[in-house]
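Okay, thanks for coming, everyone. I'd like to walk you through one chain today, so let's put it up on the screen.

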Amino acid sequence: MSGFVLAYGEDRIPYQVSYADNRSSRVAIHVNPDGSVAVDAPHGFSDDSIKLAVQKRARWVVGHVSEAKSRYAHVRPREYVSGEQVLYLGRRYMLKVIPTDASPAPARLRGNRLEVETAKGTENDVRGRLRAWYRVRGRDYLSRRIDALTNRLPWVDAPPPFRLLEMSRQWGSCSPSGEIIINPHLVKAPRNCIDYVLTHELAHLKHHDHGQAFWKLIDAHAGDWRKAKHHLDGLVEVLLLD
């Protein structure tokens, strides 16, 4: 992986280049939800060829980076106090922090509240307990959805290995060995957005790149995935807030 910088007017935008075995003729440019830029290039492409290809789409890149970063501008950091809103499966719940002198029980949903007990009463303690709850809920829900999608997707014979990993730029990935890796923050998203990400990663079990065959597979099996992706991209700054 190599690093380059796109210059356009007064803007200077760094981007990382990865070389893809299955890409033969063109580079692919991706603006991630956090505003970072990644480029996939065929093996053998010179640095000058890559830079020229990115420069030709400079206006598009700058516009999408600006749009992504603007979504973060209004986001306020969490304080982990009662009354804050938290998300789970696309629904909003009110955080209720409950001080206790006993050993704190695990966080739990009750009606429209997510209750978190704390003996220490510190922001870090509440944050840690909330994160633990998300990981447990996320592992269970995402595992069930992977099982359900496995039964529906004809190229998947059995549920693949699966684990959670916090990532700053991705909702998920599929390793060369076929392991599905999902960002635990995804469990905050609406169900249709979650299913889109899972289907996307499961499609990489058949097609390891983002070529035409990959997107044809997504079109055939992920329903209205463009709407789900657009919705997810619009929520990214809220879902990743921690």
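So, the secondary structure here comes to six helices and eleven strands. Those are DSSP runs numbered from the N terminus, with helices being H or I of at least four residues and strands being E of at least two. Before I go on: this is a predicted model, so local features need pLDDT of at least 70 and side-chain atom pairs count only at pLDDT 80 or more, while totals for chains, interfaces and linings use all residues. Numbering starts from 1 along each chain as its sequence is written, and side-chain values use heavy atoms, with hydrogens and water left out.

In overall dimensions, the C-alpha trace spans about 65 × 50 × 30 Å along its principal axes. The chain has 242 residues, and 43% of them count as buried. For burial, I mean under 20% relative accessible area; exposed is over 50%, and partly exposed is in between, with a 1.4 Å probe and protein chains only.

Let's go inside. Which residues touch the most other members of the largest nonpolar core? They are Ile182, Leu186, Ile194 and Leu232, in a core of 47 residues. At least two core residues each come from β5 (85-88), β6 (91-99), β8 (113-118), α3 (123-152), β11 (180-182), α4, α5 (212-221) and α6 (225-239). Helix α3 gives the largest share, eight residues. A core here is a set of buried Ala, Val, Leu, Ile, Met, Phe, Trp, Tyr and Cys residues joined through side-chain atoms within 4.5 Å. As general background, nonpolar side chains in soluble globular proteins tend to be buried together.

Now for the charges. I'm calling it a salt bridge when a side-chain nitrogen of Lys or Arg is within 4 Å of a carboxyl oxygen of Asp or Glu. By that rule we get eleven salt bridges.

Take α3 to begin with. Asp125 and Arg129 pair up there at 3.2 Å, N to O, and they sit four residues apart, about one turn of the helix. Asp125 is buried, because its relative accessible area is 13%, whereas Arg129, at 29%, counts as partly exposed.

Helix α3 also holds Arg131, and that residue reaches a distant part of the chain: its partner, Glu166, is in the loop between β9 (162-164) and β10 (172-174), 35 residues apart from it. That bridge comes in at 2.7 Å, N to O. Glu166 is partly exposed at 37%, and Arg131 is partly exposed too, at 26%.

Over in α6, Lys229 and Asp233 are again four residues apart, about one turn of the helix. Their closest N and O atoms are 2.9 Å apart. Lys229 counts as partly exposed at 31%, and Asp233 counts as partly exposed at 21%. There's a network as well: salt bridges with shared partners join Arg108, Arg110, Arg113, Glu115 and Glu117.

What about charges without a bridge? Arg91, Arg137, Arg144 and Arg191 form a positive surface patch. To be in a patch, a residue needs over 30% relative accessible area and no salt bridge; like charges are joined within 9 Å, and nonpolar side chains (Val, Leu, Ile, Met, Phe, Trp, Tyr) within 5 Å. Lys and Arg count as positive, Asp and Glu as negative, and His and the chain ends are left out of the count. Each charge is placed at NZ of Lys, CZ of Arg, CG of Asp or CD of Glu. The areas come from the Shrake-Rupley method with a 1.4 Å probe, and for residues only the protein chains shown count as cover. From that patch, Arg191 sits in helix α4 (residues 191-203) and is partly exposed at 48%.

Two backbone oddities next. Tyr80, in the loop between α2 and β5, has a positive phi of about 60 degrees although it is not a glycine. Tyr80 counts as buried, at 5%. Leu89, in the loop between β5 and β6, has a positive phi of about 55 degrees, and it's not a glycine either. Leu89 is buried as well, at 10%.

Finally, strand β1 (residues 2-8) contains Leu6, which is buried at 3%. The C-alpha atoms of Leu6 and Lys51 are 7.7 Å apart, with their positions 45 residues apart along the chain.
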